[in-house]
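Hi everyone, thanks for making time this morning. Have a look at the protein on the screen, and I'll walk you through a few spots in it.

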Amino acid sequence: MEPHYLNIQNLKVTVFQAYLFWENIEKNLQNITLRLSGGVREKTDLIVLPEMFNTGFSMRTELAEEMDGKTMQWIKKTAANYDCVVTGSLMIKENGHCYNRMVWVKPDGTYAYYDKHHLFGLGDEDKYFSAGKEPVVVELKGWKIRLAICYDLRFPVWLRNKKDAYDILLLVASWPDKRSSHWRTLIHARAIENQSYVIGVNRVGHDGNQVYHSGHSMCIDPQGNTVYYKPEDEDLYTFSINYAELEKVRRQFPFLKDADDFEVN
């Protein structure tokens, strides 16, 4: 019998390192629609947008929408149009709480979601949002994908790949330029220590608080090698990653089996 990984296809991923218009949902959705229509020239499996892609990293929770709101309707339409999964995070209000929620929307309109677990206290996110409690792994074409948002990157225990739970760590962010060296270092570390691909999609430009974001979106393979990397400019790019290469690394260097066993409380 063939090893199972030989039946898992390459995954084609489209990332959009976007300039975001501050607290302007309409303008952001228009800009993303325009850029996708001009820039997605081949069939892709996944489109990844940054953290709070429709507003920027704002604490104005009155901009939060419900799960049947305008932005979710736009995501569902986009996923159907491109026949692929669309993901990114936005403010969602639900049961009296507000969440920084990363949605994972399939072409048929069904979805999964992850609520940001580590809220960025330095930016008062913990004062306005409720933290998610559960890690979330989704599947696409046989690939297991762990969802994460920005500040989560700093917490390796939360993101630890126990028992090959995931093949890709997918991170959406609004990570400021003044700590971009941390971003670059931590993404490489997460890829190497978890023997997984790590895809980090950041935004560019100044936000409404005059915080500058320089992008540095990237895909790093399980060996720490760069598949994709883009600093500074708005960028829409499609790349492919290979499952057999991932399996080869884990087979040749079976480090994960020696990892400490623990639970996150």
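**A hairpin, two cores and two pockets**

Let's start with a pair of residues facing each other across two strands: M218 has Y229 in β12 as its bridge partner. One thing to keep in mind as we go is that this is a predicted model. So what are the two strands doing here? Strand β11, residues 212-220, pairs with strand β12, residues 226-231, in the antiparallel sense, and there are 5 bridges between them. Together β11 and β12 make a hairpin with 5 residues in between. In that turn sits G224, with a positive phi of about 90°.

Stay on β12 for a second, since that strand also holds V227. Is V227 buried or exposed, or something in between? V227 has a relative accessible area of 34%, and because buried means under 20% and exposed means over 50%, V227 counts as partly exposed. If we skip the neighbours within four places in sequence, V227 is in contact with Y197, C219, D221, F239, S240 and I241. You can also compare V227 with V198: they are 29 residues apart in sequence, and their C-alpha atoms are 9.9 Å apart in space.

Okay, on to the inside. The largest nonpolar core has 46 residues. Which of them touch the most other members? Those are W104, W143, I145, L147, I168, L170 and I199. Apart from that core there is another one, made of 23 residues, including L29, I47, F53 and C84.

Now the pockets. The largest pocket has about 380 Å³ of space in it. It is lined by 21 residues, and the closest to its centre are F57, F120, G123, P176 and R179. If you sort that lining by class, you get 10 nonpolar, 5 polar and 6 charged residues.

The second largest pocket holds about 280 Å³ of space. Here we have 15 lining residues, with P135, R146, W158, K162 and V264 the closest to the centre. Sorting the lining of this second largest pocket gives 8 nonpolar, 2 polar and 5 charged residues.

Next, a few residues in loops. Where is S174? You'll find S174 in the loop between β8, residues 168-172, and α4, residues 180-194. S174 has a relative accessible area of 7%, and since the cut-off for buried is under 20%, S174 is buried. What does S174 touch, once we leave out its neighbours within four places in sequence? The contacts are E51, F57, C150, N202, R203 and H213. Notice F57 in there: we met F57 a moment ago, by the centre of the largest pocket.

Last, two residues with a backbone angle to look at. M52 is not a glycine, but its phi is positive, near 45°. M52 sits in the loop between β2, residues 46-48, and α2, residues 70-82. How accessible is M52? The relative accessibility is 0%, so M52 counts as buried.

The other one is D164, which is not a glycine either and has a positive phi of about 50°. D164 is in the loop between β7, residues 143-149, and β8. D164 is at 30% relative accessibility, so this residue counts as partly exposed.

That's my tour, and I'm happy to go back to any of these spots on the screen.

Notes
Residues are numbered from 1 along each chain as its sequence is written. This is a predicted model: local features need pLDDT of at least 70, side-chain atom pairs count only at pLDDT 80 or more; totals for chains, interfaces and linings use all residues. Side-chain values use heavy atoms; hydrogens and water are left out. A nonpolar core is a set of buried Ala, Val, Leu, Ile, Met, Phe, Trp, Tyr and Cys residues joined through side-chain atoms within 4.5 Å. Buried means under 20% relative accessible area, exposed over 50%, partly exposed in between (1.4 Å probe, protein chains only). On a 1 Å grid over the protein atoms alone, a cavity is a set of points where a 1.4 Å probe fits but cannot get out, and a pocket is an open set with protein on both sides within 12 Å along at least five of seven lines; lining residues have an atom within 4 Å of a point. Grid points are joined across faces, edges and corners, and a volume is the space filled by probe spheres set on the points. Ala, Val, Leu, Ile, Met, Phe, Trp, Tyr, Cys and Pro count as nonpolar, Asp, Glu, Lys and Arg as charged, and the others, Gly among them, as polar. Helices (H or I, at least four residues) and strands (E, at least two) are DSSP runs, numbered from the N terminus. Contact means heavy atoms within 4.5 Å. Two strands pair if DSSP finds at least two bridges between them.
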